[in-house]
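This report describes a helix pair and a chain interface in a predicted model. The helix pair is treated before the interface.

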Amino acid sequence: MDISDDQIIERTLAGETDAFSLLVRRWERPIYGLSLRMLGRDEDARDVCQETFLAAFRNLRKFRGDSKFSSWLYRIALNACHSRMRKRGNVVEQSIDLEDDEGRKFELADDDAELMPDRMQRDQLAFQVRKALHALPPEMRQVIVMKEYEELTFAEIADILAIPVSTVKSRLYTGLQQMRARLEKFRTAL
Amino acid sequence: MNNTNRNQLGCDRKEDLVAYLYGEASASERASFERHLNECDDCGVELKAFGRVRDDLSTWQVGFAPRTEFVPPKAKMDLLRELIGMFPVWARGLAMAGAAAAIVLMALSVYGNRTDGLGSAGLSEQQVQAMVSKAVSDERAKIQQQYQTELASFKTQLAAEHQAQLQLANAEHQAKLEAVKVGLRAEIRKANQQNGSLRSFFAVEEDRSYPWGDSR
């Protein structure tokens, strides 16, 4: 049976500091995914990941257990993302990594869409998705990322962001509308 | 399900639409929204369009996550303990004595300020000085004692090591001496043998030179 987050926290607080590595292994992927989708750059996402776990470790005693550990961790990661965005003035469109998951560079071809291989079309679409997502205001982007990719419930997102559920739904709706407008423009251009 | 948020087309059920889209509506909410969809084409169109956006969003998958190198940072007290541990006992004692004296002086200075002079606290300046001197001399005595103990321990250790080295050197010396003796004995034996051979040789030669048996 898997040991729970709370049990690992108890062990860590009891002095078994290495136990915290279990939490890192368990949550590094979601935190990296959230950071990458919020910031658009692998390097920034890695840094945020590191910062998040370090901050969580240092402040573990302050974690009261009112909400889930993962919610607390997401909150720390989002704060780190926002702080990074503020530092660089939220310049995202120019800084999105132009690479896919396998590290291949996107090439924005001028070819006729009918002649484009499926893979290339899909890559271009993925790139447009990144651009459209990063063109959203951060408060909408984070809600879409948490709902769409992290598959959190409205209540969990509301808890992480300390906002009402209705605000979460409203931001999600507006974000999806803006994404729709941008992506439909791209489809028309094709 | 009552809300006043209207979508771009004037429908007020955008939050219901989102809950329905992500499957978070309750059974009754779902039924209610499905009834609404039969009447509202705009919501139907928007629902389909949002479904396409979700499909598009799913094209961005993070294939891997780099491993996060995490080394738990050491607590400040642990670092302090390590730092203190690097110094010898006498230095630690000296530092402690200094700190104790500083604390006493600081406390007295604060006390002095608060009582507007030492006299009113019932302690004369001489008494205070005597207390400080006593505290310092006690600490000094403690340090000296620790130092003496440490020194005695070093001496014992050194003597034992010296003795062991002497025994080792003596044994080596004896072994070498024995080897030389054995070599010398062998040499003497060899020389004696050669000497005997020479004698017998010359004895034969004499016999040949003087066959009549007279050696001279």
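In chain B of this predicted model, the axes of helix H2 (residues 27–39) and helix H3 (41–57) approach within 6 Å and cross at roughly 110 degrees. Angles from 65 to 115 degrees count as roughly perpendicular, and H2(B) and H3(B) are therefore roughly perpendicular to each other. From H2(B), the residues B:Phe33, B:His36, B:Leu37 and B:Glu39 meet B:Asp41, B:Cys43, B:Gly44 and B:Leu47 of H3(B). By class, this contact comprises four nonpolar, two polar and two charged residues.

H3(B) also takes part in the interface with chain A. There, 32 residues of chain B are in contact with 44 residues of chain A. On the chain B side, B:Leu57, B:Trp60 and B:Phe70 lose the most area to chain A, together 22% of what that side buries. The overall values for the interface are tabulated below.

| Property between chain B and chain A | Value |
|---|---|
| Area buried | about 3,900 Å² |
| Share of that area from carbon and sulfur atoms | 63% |
| Salt bridges | four salt bridges |
| Polar contacts (both residues at pLDDT 80 or more) | 11 residue pairs |

Helix H1 (14–21) and helix H3 (41–57) of chain B each supply at least two residues of the side that touches chain A. H3(B) gives the most to that side, with nine residues. The residues of this side of chain B divide into 17 nonpolar, six polar and nine charged. A salt bridge links A:Lys147 with B:Glu24, whose closest N and O atoms are 2.4 Å apart.

Key:
Residues are numbered from 1 along each chain as its sequence is written. Chains are lettered from A and ligands numbered from 1 in the order in which they are written. This is a predicted model: local features need pLDDT of at least 70, side-chain atom pairs count only at pLDDT 80 or more; totals for chains, interfaces and linings use all residues. Side-chain values use heavy atoms; hydrogens and water are left out. Contact means heavy atoms within 4.5 Å. Buried area is the accessible area (1.4 Å probe) that two parts lose on being put together, summed over both. A salt bridge is a side-chain nitrogen of Lys or Arg within 4 Å of a carboxyl oxygen of Asp or Glu. A polar contact is a pair of N or O atoms within 3.5 Å; within protein, one must be able to donate a hydrogen and the other to accept it, and residues adjacent in sequence count only if both atoms are side-chain atoms. Helices (H or I, at least four residues) and strands (E, at least two) are DSSP runs, numbered from the N terminus. Ala, Val, Leu, Ile, Met, Phe, Trp, Tyr, Cys and Pro count as nonpolar, Asp, Glu, Lys and Arg as charged, and the others, Gly among them, as polar. Axes are lines fitted to C-alpha atoms, for helices over the stretch in contact, and angles run from 0 to 180 degrees between N-to-C directions. Angles under 35 degrees count as roughly parallel, over 145 as roughly antiparallel, 65 to 115 as roughly perpendicular and the rest as oblique.
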